[in-house]
Amino acid sequence: MGLCSISQFPSAVAEHPPDSVLVVEDDRAVSRVVRAALRKRGYAVASVSTGEEALVSAAQAKPDVVLLDLGLPDIDGVEVCRRLRAWSSVPIIVLTADGADERKVLALDEGADDYVTKPFSMPELLARIRVALRHRRALGVVDQAVLEVGDLRIDVPHYAVTVAGEAVELSPKEFALLSVLARHAGRVLTHRALLQEVWGPEAAGETQYLRVYAGQLRKKLADDPARPRLVTEPGVGYRLVDPAEAGG
């Protein structure tokens, strides 16, 4: 049922092959539009329509990004995400139906990096792909003892934070929360994931902690509401972004 070969992406003759995207979508019309938009912008694209095909294609072709629809005809999209994340660090952007907040959160808890809600704009989807690719490349070169997101710099061993070179004083919990967000910059982290990481498993339901500390971080980082670096994903969680690249 795949829309093209599930084992290989189109071959590239350029010295530096294009970034590759695996589109997992059983709606042929949506898949066709997404594939055309990606190819127009120079991406190598493969597409499949089932979860089983997605797992095979991801293992064989090793794409740079996976666009994963959660409403697949065979394996649940959340399960596909779980199986992929068991062995691969490939960025996963899930495509969700409007109002499917619970499924969206489940996918993010299982390792998805981001989500786009249908109906989505193509510029938004393309911007999310670009950010995912930038952060995937950065993972291989960034010293994880020093985290940088735009002009925000976190020196973990020395417990120091600066914004545009200016020191910022944070409490231990604020520092821990910011560090977790920075290690996954650009990725949506759910309320549960953040609470477990910073406060421990017993705090999994205490979302008020996050509201308070996120508000404190925004003040101390001098966040601009028009171009925030700490972005709230309503009903889902938070993501840390570089304001300069947030617009794509």
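**Exercise 1. Two packed helices**

Determine how helices H6 and H8 are oriented relative to each other, and which residues make the contact.

*Solution.* Two packed helices are described by the angle between their axes and by the distance between those axes. Axes here are lines fitted to C-alpha atoms, for helices over the stretch in contact, and angles run from 0 to 180 degrees between N-to-C directions. Helix H6 (residues 172-183) and helix H8 pack at an angle of about 85°, and their axes are 10 Å apart. The next step is to compare the angle with the classes, in which angles under 35 degrees count as roughly parallel, over 145 as roughly antiparallel, 65 to 115 as roughly perpendicular and the rest as oblique. H6 and H8 are therefore roughly perpendicular to each other. On the side of H6 the contact (heavy atoms within 4.5 Å) is made by Lys173, Glu174, Leu177 and Leu178, and on the side of H8 by Leu210, Tyr213, Ala214, Gln216, Leu217 and Lys220.

This is a predicted model, in which local features need pLDDT of at least 70 and side-chain atom pairs count only at pLDDT 80 or more, while totals for chains, interfaces and linings use all residues. Residues are numbered from 1 along each chain as its sequence is written, and side-chain values use heavy atoms, with hydrogens and water left out. Helices (H or I, at least four residues) and strands (E, at least two) are DSSP runs, numbered from the N terminus.

**Exercise 2. Strand E3 and its neighbours**

Work out why strand E3 is described as largely enclosed, and which strands it pairs with.

*Solution.* The term to apply is buried, which means under 20% relative accessible area, whereas exposed means over 50% and partly exposed lies in between (1.4 Å probe, protein chains only). Because 5 of the 5 residues of E3 (residues 65-69) are buried, the strand is largely enclosed by the rest of the structure. Looking at the directions of the residues, Val65, Leu67 and Asp69 point one way, Val66 and Leu68 point the other way, and all are buried.

For the pairing, recall that two strands pair if DSSP finds at least two bridges between them. E1 and E3 run parallel and are joined by 4 bridges, with Val21 standing opposite Val65. E3 also pairs in the parallel sense with strand E4 (residues 92-97), over 4 bridges, and here the bridge partner of Leu68 is Val94. Together E3, H3 and E4 make a right-handed β-α-β unit, where right-handed means that, with the strands pointing away from the viewer, the path from the first strand over the helix to the second runs clockwise.

**Exercise 3. Helix H2 and its two ends**

Find out what the buried residues of H2 pack against, and what is found at the start of the helix and just after it.

*Solution.* The buried residues of H2 (residues 51-61) are Gly51, Glu53, Ala54, Leu55, Ser57, Ala58 and Ala61, and they pack against strand E1 (20-24), strand E2 (44-48) and helix H3 (77-85). At the N-terminal end, Thr50 caps the helix, with a side-chain oxygen lying 3.2 Å from the backbone nitrogen of Glu53. Just after H2, Lys62 takes a positive phi of about 50°. Most residues other than glycine have a negative phi. Lys62 lies in the loop between H2 and E3 and is exposed, with a relative accessible area of 58%.

**Exercise 4. Glu233 and the hairpin of E11 and E12**

Describe the surroundings of Glu233, and then the pairing of strand E12.

*Solution.* Glu233 belongs to strand E11 (residues 230-233) and, with a relative accessible area of 8%, is buried. Not counting residues up to four places away in sequence, Glu233 touches Tyr115, Val188 and Arg239. The side chains of Glu233 and Arg239 are also joined by a polar contact of 2.8 Å; such a contact is a pair of N or O atoms within 3.5 Å, where within protein one must be able to donate a hydrogen and the other to accept it, and residues adjacent in sequence count only if both atoms are side-chain atoms.

Turning to the pairing, E11 and E12 run antiparallel and are joined by 4 bridges, with Tyr238 as the bridge partner of Thr232. The hairpin has 3 residues between the strands, and in it Gly235 takes a positive phi near 75°. Strand E10 (residues 189-190) also pairs with E12 in the antiparallel sense, over 2 bridges, and Thr190 stands opposite Gly237. Both faces of E12 (residues 237-240) are covered, since Gly237 and Arg239 on one side and Tyr238 and Leu240 on the other are all buried.
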